[in-house]
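Welcome! Take a moment to look over the chains, then try the exercises below at your own pace.

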Amino acid sequence: MGWLERFFPYILAGISVGGQYALIAIGYTMVYGILRLINFAHGDIFTVAGFFMVYMNATMPLYLSIPLTIILTVILGFAVERAAYKPLRDAPRMSIMISAIGVSYLLQNLMWYVTGGLAKQYPTIPWISSSVTVWVATTKIVTLVTPVLTILLVVLLQQLINHTKIGMAMRAVSRDFETAKLMGIQINRVISVSFIIGSFLAAVGSLLYFSNYATVTPTVGAMPGLKAFVAAVFGGIGSIPGAMIGAFLIGISENLIKALGYSTFSDAFTFALLIFVLLAKPTGLFGEKTIDKV
Amino acid sequence: MKENKISWFIGLVLLALMFVGLYALEKALPPSTMLFTILKKGVIYALIAVSMNLLNGFTGLFSLGQAGFMVIGAYTYAILTIPVNMRAMIYQYYDGGVVQFALPAIVGLLCAGLVAAFFAFLVGLPVLRLKSDYLAIATLGFAEIIRAFIQYEGLGPLTNGSNLLRRFPSFTGILYPFAAVAICVAVIVLLIHSTYGRALKAIRDDETAAEAMGINLFFHKQFSFVTSSFFAGIGGALLAMYQGSIQAATFKSAMTYEILLIVVIGGMGSITGSIIASFLFVASSEWWLRFLDNEMFIGAFKMPLLRSGFRMVVFSVIIMAVVLLYRRGIMGDKEFNLRRITQHLTGKKGVRHDG
Amino acid sequence: MMAERERMLELTDITMQFGGVVAVNNLSMHIDRGEIVALIGPNGAGKTTAFNCVTGVYKPTNGQVRYRGGLIVSNHPTGKMKNMYAGVNADKYQEVVEHTPDKITKLGVARTFQNIRLFKTQTAFENVLIATHLHRTSNPFTATFRLNFREERRMRELALEMLSVVGLADVRDELATSLPYGKQRRLEIARALATKPQLLLLDEPAAGMNPQETDDLGQFIVEIKNQFDLTVFLIEHHMDLVMDISDRIYVIDFGKLIAHGLPQEVQDNPDVITAYLGVEDDEPA
């Protein structure tokens, strides 16, 4: 079967990048589910995580730089929420989205400033970056690790959401913000936890992504960020498993399109998918419908 | 009612004075002065910001597709106006390209607007019934799709694919862009103050109530979307003329974000705000804060932080401050109200003017 | 002896079901020209939902609405709803007629809102002015370039007139939301009147008013009804107002019609009293 052999490396790459998108997508879907906010800055937090690693690793050993990167990214996500989104919680929806765009703009400019405009090489993490041959494809181990790790993290997260008190609080806030507040749920804690989890996953995602695509520039996260968002919408905004499935689908499809020779359209495909979903079933695969009262 | 006529007259006089002033400036200063860069780029951004404000600020439709319609306008203009004898060179990878005629610049400008408007109409059909955040992301998506198509090799004979388009007719002075923008903004202002403009504002304030008062949502939203994109297309064409060359890759979503931030700083729902903010934005990014990018020494002490890129960081922080603290922007939703000023001047303070 | 009056509004078997919840259950009623008809019932009985079905905000699950003889709403359960449908006559209305609210307003049906929906950034005058847009003959081009100056002047005159009718001409340049509550309600009525309706739907116009204001409102409704040759469909909780000005009353509870007739008949109806009616106060039984 010639074509399977030809497409296999692409499918593998697709599963890998899909997993990375998934980790970013979950951050989007959680924040949207709770705050109804499209966190435009999330993709940039992913990129910043990449830069953290570059700079940390220049001065520290790996067993320090990896955890530190994750911790710093989480702090960043938390700080962004507190500084730029919390003050606007009672403002009209557009204001908070504009703030997210503003944060994205700020982060990108900060990155340009700090790096002086030069692309940075991501450090090679041993083992993960080593080559391995799977059937007819030669790839890095990270390609195999990613989907496994992604699914594992999603399962863990689902456990958290469904079987812990904070998880229940998060579900309540997603369902009905005002009522949850009135019921005494600590809204600030719930929101912070969502951002922390989202940023944590983005950091992990960046570790995996940049082990594969080793060049880091300030704008490198914009596309993956947008694609991850589309994945979240496709899967049903607010649904974590949905975001994961959407992400894998996008990752695999865009690589198949490249395989077929239409690389210019691999990005556009994602947006076409977005438009299709928004028109056909805006609530996505697993989303919930809400009815507006007049 | 007399105040109305007087204020219109004063407005026209001020406008004429502005043009005289610009003409004088052009004669007085060398063409490479930074001021002219700011004026040219600023006025073009002003048009684009106002067009975006029409859609986002006045109609309440959170659309992030501006860059898409700008790039359509820019390319339409370029494709239609590049002189025939240049085409072979510019479209060198595509056998001279498929378009083998050249239209005069003004016609090119108009077509830029019309083609952008046409595509906006098509995009609006599915997209305008979506809820606000979904509308934002859908328009963003369409802008990216449009960009991808323009860069597509298969459309190369038309768009030159991912290569530059250049040598189209451009302007040298500041009077041309100012005149073009002044006409466009005047039309938009007239529109806002017409009964259709009021309908758009009603939709922004409360869609359900507007519908109950007999305003067809779909028609009016489409109208706003198409008109806004028409002017965005013309803005894109003017930008092309200003830059001298265009490439689809530069019309990224980041450009839309910049325009959005300008509109927010100026005040959503204020045309004068958008204009002022555009000039401020361009001045800041091209000029004022430039010093922040250069290393500065005080005696033997080197100032920390100051190096290339710091300017944009400071600028972004200022933007965040406005977004968080001065949410209404510079002008809120008020305009530079000539009528009120006229009233004060003619001493008729107590008289109410028409709504 | 009454001459044959035009049937302005007729609802037949209107049912509105949201998922498993039946908000309006088989409501049939009619209103003839010149009448003031009230729809009353305990909170949550489905009154505003019924309004929304008439004005096109909701598409009813089943049933029809006729305005002056013409069919403006018609639907029957399809797809998933077919299995879930808890009402009767599910196959009776094969036609599907659906209009957006603006279309129905253009036909002559205007409404006010229970929760006051004024245009927040506009003045009182501007709020009413916007309601004159629907009868325009200009297009965006002619309007932008002021070729419609006569039409514009007519619109402004109409808006001012409606403001005067409700007694708000002196606050015309005040921001609509800065007006006291009672005036905001009157402004909503002025706005509805500016659409030149023949049928006026008022959703709890007296909410939050004291007895004197309620009384004035009652008189006002009768006056404008006569002045503008209107037919009025009223949702209200203030029983004095309802008893005072209504020609007929429909009572619904849990979406179902439980009584209908002249005010006195309804007042004495034991089912109604059981549902919620007190004579002096509005106390649940």
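The exercises that follow concern a predicted model, and each comes with a worked solution.

**Exercise 1. Getting to know chain B**

Task: Describe the secondary structure, burial and contacts of chain B.

Solution:
- Step 1. Begin with the elements: chain B holds 15 helices and 4 strands.
- Step 2. Turn to burial: 49% of the 355 residues of chain B count as buried.
- Step 3. Look at the contacts with a separation of 6 or more: in chain B, 80% of them are between residues 24 or more positions apart.

**Exercise 2. Two domains in chain B**

Task: Find the domains of chain B and work out how many residues of each are in contact with the other.

Solution:
- Step 1. The domain assignment splits chain B into domain 1 (1–30) and domain 2 (31–341).
- Step 2. Taken over C-alpha atoms, the centres of domain 1 and domain 2 of chain B are 25 Å apart.
- Step 3. Where they meet, domain 1 of chain B contributes 12 residues and domain 2 of chain B contributes 11 residues. The domain 1 side consists of 7 nonpolar, 3 polar and 2 charged residues.

**Exercise 3. Where chain B meets its neighbours**

Task: Say which helices of chain B supply at least two residues of the side that touches chain A, then examine the contact between chain C and chain B.

Solution:
- Step 1. Count the residues: 34 from chain B and 33 from chain A take part in the contact.
- Step 2. On the chain B side, helix 6 (132–151), helix 12 (253–266) and helix 14 (310–325) each supply at least two residues. Helix 6 of chain B gives the largest share, with 12 residues.
- Step 3. Sorted by class, the chain B side that touches chain A has 23 nonpolar, 7 polar and 4 charged residues.
- Step 4. Now move to chain C: 32 of its residues are in contact with 25 residues of chain B. Helices of chain C that each supply at least two residues to this side include helix 3 (101–107) and helix 6 (149–165). By class, the chain C side has 12 nonpolar, 9 polar and 11 charged residues.

**Exercise 4. Two helices of chain A**

Task: Compare the end-to-end reach of helix 2 of chain A with the expected value, and explain why helix 8 of chain A is described as largely enclosed.

Solution:
- Step 1. Helix 2 (residues 42–59) of chain A has 18 residues; its first and last C-alpha are 26 Å apart, close to the expected 26 Å.
- Step 2. Among the buried residues of helix 2 of chain A are A:Ile45, A:Phe46, A:Phe51 and A:Phe52.
- Step 3. Helix 8 (residues 187–212) of chain A has 26 residues and should span 38 Å, which agrees with the 38 Å between its end C-alpha atoms.
- Step 4. Because 19 of its 26 residues are buried, helix 8 of chain A is largely enclosed by the rest of the structure.

**Exercise 5. Pairing around strand 1 of chain C**

Task: Identify which strands of chain C are joined to strand 1, and in what direction they run.

Solution:
- Step 1. Strand 1 (residues 7–18) and strand 2 (residues 21–32) of chain C run antiparallel, joined by 8 bridges. C:Met16 has C:Val24 as its bridge partner in strand 2.
- Step 2. These two strands form a hairpin with 2 residues between them, and C:Gly19 in the turn has a positive phi of about 60°.
- Step 3. Strand 4 (residues 62–67) of chain C is also antiparallel to strand 1, with 5 bridges. Here C:Leu11 is partnered by C:Val65.

Definitions and conventions:
Residues numbered from 1 in each chain as written. Chains lettered and ligands numbered in written order. Predicted model: local features only at pLDDT ≥ 70, side-chain atom pairs only at ≥ 80, totals over all residues. Buried ≥ 20, exposed ≤ 12 C-beta atoms within 10 Å, placed from the backbone. Contact = placed C-beta atoms within 7 Å. Nonpolar A, V, L, I, M, F, W, Y, C, P; charged D, E, K, R; others polar. Domains from an automatic or database assignment. Expected span 1.5 Å × (residues − 1). Pairing = 2+ DSSP bridges.
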